[in-house]
Amino acid sequence: MAVCARLCGVGPSRGCRRRQQRRGPAETAAADSEPDTDPEEERIEAGAAALAGAGGGRGAGPSPPPRCSLLELPPELLVEIFASLPGTDLPSLAQVCTKFRRILHTDTIWRRRCREEYGVCENLRKLDITGVSCRDVYAKRINPRVKSGRFMKILPDYEHMEYRDVYTCLLHRYRHILGLWQPDIGPYGGLLNVVVDGLFIIGWMYLPPHDPHVDDPMRFKPLFRVHLMERKSATVECMYGHRGPHNGHIQIVKKDEFSTKCNQTDHHRMSGGRQEEFRTWLREEWGRTLEDIFHEHMQELILMKFIYTSQYDNCLTYRRIYLPPSHPDDLIRPGLFKGTYGSHGLEIVMLSFHGKRARGTKITGDPNIPAGQQTVEIDLMHRIQLPDVESLRSFNELSRIVLEVREQVRQEQQQQEDGAEDGEGRAPQSPREPQRGPAQPSVELPAEKGGGPADGEAAAAAAPAPEQPAQSGQGQPFVLPVGVSSRNEDYPRTCRMCFYGTGLIAGHGFTSPERTPGVFILFDEDRFGFIWLELKSFSLYSRVRATFRNAEAPSPQAFEEMLKNIQSLTS
């Protein structure tokens, strides 16, 4: 404890406040002039001096200076010291003595821990002035007709609440559910972000923008929230449905997994029955009515998703996911992207880099390629130099180039299998050095093999890839080949470079999956595309521009293990 006191600028070297008051001016000046040495060194030096005095026949040396313990420090200094410690250490500190336990009841200590560890900035005593930060606790989004005054009556009584209770009974207790999660909703998956929002812990479900507006911001809605309704009692509420928050339950199943349960599923029902629920869900999910969707196959997929997802009634199991780690030599910054997948609409894909390859893993999925599967794989060692725009307006020309590259890749793999060293007799190709040849498309079948993500909608024009390196910042004109369909005609008209890649396609129910060749097109730091050669369709991907806390993988190995786990669930 003396060491801790000395770290705070008091102790043997300066003398504590009480001891200075008992000393005279001369003693105080002498104490201030003493050198600042470590107590352990003082003890050793004193022992050495005593031994030297005994051996030399001299008297005992000067006694070590008096020490000051934490118990002798003034309370205001102890508050500052304790407030800088991790909140998990404070309960043990309270068991040291009565004085420490009494000081640890100071609310400013726990307020600082709430702010520094969980980002809580609200003042419990001024909520009536500042308001609650978490979007009015979603009051207006749940029911626009709810008046703010009426809603404030059902807010917790923060006036008599302490930050110590907020930390111990809410934040620390539910700390394990903070971060990014993927719900187990069959093939559809999802993206849940659990955050501390104001004085609540809220689970926000992130949804892609309405199809096909891939560059629009993400949408989100709350699935549950946790807060202190009464002192030392955390309350879990289900936010699903349109009748306001109601009783729910959260259970931490095991490490990196938890489940939610709604105890009042009748709050999810609407007065107009399933038809009204479906129309409401369709407006929220797709931003349109069923009459606006003319494609019959698309109507079937939408109805199938509604029936499948609504049966869960917000009783779900979630598994933790991490954002991919980044490296300085990555082609672009890895992360989450929104991509177009034909009749399936927009889906969320995680782009990660693994040495000479890049992978796109589905966070949300569909009945053909479910969430967790690797939708695209890019071979960064086989960059493609496409001909001029006019030559590439012919889809046959693009197909010829891609198939040539695929054959080259196949031969290289065969050589490796035969024991031949990769790159023998020639220098390995850098991903930033363009190579003429095709790129393998990666596509996914919406209902059956042969139907592409764009489902044969609007044809566009032709596409070349850049010759300049990505870091040069120069682009090459780009246009889709004639006959390649795209859900979004507003794609970039310049690109940086192209690579050979493969994509996963399958029939309904993930039957007969196979990888087919495709072309990966890098537009800029935040957008890329993929031409599915076999399906003659194009997918555009745009970066998810959101900040996620508690989403970093503890190690690269943990991230790889996470990818294997989510893929095994739907394999």
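At 69% relative accessibility, Lys 255 counts as exposed, a class that requires over 50% relative accessible area, whereas buried means under 20% and partly exposed lies in between (1.4 Å probe, protein chains only). The model is predicted: local features need pLDDT of at least 70, side-chain atom pairs count only at pLDDT 80 or more, and totals for chains, interfaces and linings use all residues. Residues are numbered from 1 along each chain as its sequence is written, and side-chain values use heavy atoms, with hydrogens and water left out.

**Salt bridges**

- The whole structure contains 28 salt bridges, each being a side-chain nitrogen of Lys or Arg within 4 Å of a carboxyl oxygen of Asp or Glu.
- Lys 255 pairs with Asp 256 in one of these bridges, at 3.2 Å from N to O; Asp 256 is partly exposed, with a relative accessible area of 27%.
- Arg 393 and Glu 390 form a salt bridge whose closest N and O atoms are 3.4 Å apart. Arg 393 is partly exposed at 32% relative accessibility, while Glu 390 is exposed at 56%.
- Arg 543 and Asp 526 also form a salt bridge, with 2.7 Å between the closest N and O atoms. Arg 543 belongs to strand E19 (residues 537-543) and Asp 526 to the loop between strand E17 (511-524) and strand E18 (527-532), so the pair ties together parts that are 17 residues apart in sequence. Helices (H or I, at least four residues) and strands (E, at least two) are DSSP runs, numbered from the N terminus.
- Both ends of this bridge are buried: Arg 543 has a relative accessible area of 4%, and Asp 526 has one of 16%.
- Glu 80, Arg 112, Arg 113, Glu 116 and Glu 117 are joined into one network by salt bridges that share partners.

**Cavities**

- The structure holds 2 cavities of 30 Å³ or more. A cavity is a set of points, on a 1 Å grid over the protein atoms alone, where a 1.4 Å probe fits but cannot get out, and its lining residues have an atom within 4 Å of a point.
- The largest cavity encloses about 620 Å³. Among its 37 lining residues, Gly 189, Leu 207, Glu 285, Lys 305 and Thr 309 are the closest to its centre.
- Strand E3 (200-207), strand E4 (219-230), helix H13 (273-286), helix H14 (296-310) and strand E10 (346-354) each contribute at least two residues to the lining of the largest cavity. The largest share, 5 residues, comes from H14.
- The second largest cavity has a volume of about 30 Å³. Its lining includes Phe 224, His 249 and Asn 314, and strand E5 (233-238), strand E6 (246-254) and strand E7 (257-262) each supply at least two residues of this lining.

**Nonpolar cores**

- The largest nonpolar core has 49 residues, of which Phe 82 and Ile 201 touch the most other members. Such a core is a set of buried Ala, Val, Leu, Ile, Met, Phe, Trp, Tyr and Cys residues joined through side-chain atoms within 4.5 Å.
- Helix H12 (residues 163-171) provides the largest share of this core, 6 residues.
- Not counting residues up to four places away in sequence, Phe 82 touches Leu 90, Leu 93, Phe 100, Ile 103, Leu 104 and Ile 109, where contact means heavy atoms within 4.5 Å.
- A second, separate core has 26 residues, including Phe 395, Ile 401, Val 409 and Val 519.

Key
1 Å grid on protein atoms, 1.4 Å probe; cavity = no way out; pocket = protein on both sides within 12 Å on 5 of 7 lines; lining within 4 Å. Points joined across faces, edges and corners; volume = space filled by probe spheres on them.
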